[in-house]
Amino acid sequence: MVVDLIKLNGFRNYQDVQVELSPGINVFYGENAQGKTNLLEAVKYLSCARSFRAQKERDMIAFGSDSAVISGHILHDDRDFLVEARLFTASRRQLFINGIKQKSASCLSGILNTVTFLPDDLYLVREGASVRRKFLDSALCQLRPRYLTALTEYNRLYEHKTRLLRDLKEKPSHLETLDVFSQRMAQFGAVLISYRSSFIRKLAPLSDSVHHDISGGRDQIKLSYKTVSAVSDPGAPAQELSSILYEHMLSLRKAEIDARACLTGPHKDDLEILINGTPARAFGSQGQARSAALSLKLAEREIYFQDTGQYPVLLLDDVLSELDARRRDFVLNRISGGQVLVTCCEEGLVKTAGRVLYVENGNVFPR
């Protein structure tokens with residue numbers, strides 16, 4: 001899959017720009033705060049209708065504008081797709097594929113897959129569980145439309161149940177609906193656990209293989225899925241997982257009421273990473289942690305290839321400058337075979353680029 005053209009209008013600091021891309025490596029270089037990352041953000045949004053940095057869509061609209069348009073021409077399996085996202089400050093976004101308005105973001109699944117690697121991802125191993133859950137969610141939302149639907153609904157139910165628990169003293173009648181929310185959360189939470197378990201099983205051997213290479217055979221990485229304590233087998237059928245989750249929530253009913261918070265569920269999941277049998281988060285060196293993060297991201301890319309037969313578009317946002325020469329060369333040697341978009345401050349940082357573009361103040365100039 002390849003993005004060969006992207007158009008931005010009123011998006012971030014781009015008033016009206018059109019950028020042609022190479023099917024190989026594309027390098028965007030220039031000073032900081034000129035709009036390099038914005039280009040990668042736009043491509044990411046076309047893949048899953050989610051930004052890797054903005055919490056709200058209005059944050060992506062240019063200052064002084066009330067709307068923005070991101071559109072991209074995508075080649076996938078010898079088919080042409082024109083994907084367009086229209087963002088508004090005062091109303092819900094609109095998504096279009098080949099001019100036809102779509103009902104939800106799940107329609108984008110399978111058209112354009114992206115793997116994003118940001119400087120913050122180098123801290124994936126050392127940060128809290130929420131960062132690793134986001135890593136899992138980002139991958140699965142693109143690969144599995146049902147996962148995106150379940151995650152959206154689970155998060156909605158979680159927010160409602162949290163508000164209900166917080167307001168019980170003022171609105172005790174809401175207690176009657178508490179078990180209904182728990183049951184629904186268990187139903188959708190089971191889907192999340194099932195998909196996460198399957199993804200981690202695929203990710204584990206691939207990341208270990210990459211990590212073996214990057215460490216020169218010195219280190220071994222092992223991944224372990226940490227979910228609700230009552231779930232002994234995350235790979236069990238979703239219906240069985242749903243029953244287990246619901247019973248566990250009921251057993252904590254009084255505790256949740258006292259704490260005014262949801263105390264159990266996949267919103268607390270974690271991906272434990274061990275290096276040579278030791279938890280990497282607490283005991284791994286900085287170099288080991290960065291190598292582990294690289295391994296996870298490159299393994300994620302391989303899963304997309306195994307699943308779809310095509311490499312996803314790889315988005316590298318100023319990551320290479322954060323790596324030492326050995327790790328930078330390792331990454332560049334592993335990313336052949338697909339389209340890559342790289343941002344950096346130095347034009348010569350990537351010597352094998354198919355297309356080099358200079359970015360300055362919301363304008364893009366081919367070199």
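## Salt bridges in the predicted model

In this predicted model, the side chains of R290 and E322 meet in a salt bridge, with a distance of 4.0 Å from N to O. Because R290 belongs to helix α8 (residues 286–308) while E322 sits in the loop between β12 (313–317) and α9 (325–334), the pair ties together parts of the chain that are 32 residues apart in sequence. R290 has a relative accessible area of 12% and is therefore buried, the cut-off being under 20%, whereas E322, at 34% relative accessibility, counts as partly exposed.

A search of the whole structure finds 18 salt bridges, and among them are the pairs tabulated here with the N to O distance of each.

| Salt bridge | N to O distance |
|---|---|
| D269 and R196 | 2.9 Å |
| K226 and E272 | 3.8 Å |
| R290 and E322 | 4.0 Å |

D269 and R196 form a salt bridge in which the closest N and O atoms are 2.9 Å apart; this pair links distant parts of the chain, since D269 is found in the loop between α6 (253–259) and β10 (270–275) and R196 in helix α4 (residues 178–214), 73 residues apart. Both D269 and R196 are buried.

The salt bridge between K226 and E272, at 3.8 Å from N to O, likewise connects distant parts of the chain, with K226 in strand β9 (residues 221–226) and E272 in strand β10, 46 residues apart. K226 counts as partly exposed at 40% relative accessibility, and E272 is also partly exposed, at 26%.

Elsewhere, R12, E41 and R53 are joined in a network of salt bridges.

Conventions:
Residues numbered from 1 in each chain as written. Predicted model: local features only at pLDDT ≥ 70, side-chain atom pairs only at ≥ 80, totals over all residues. Heavy atoms only, no water. Helix = DSSP H or I, 4+ residues; strand = E, 2+ residues; numbered from the N terminus. Buried < 20%, exposed > 50% of the residue type's maximum accessible area, 1.4 Å probe, protein only.
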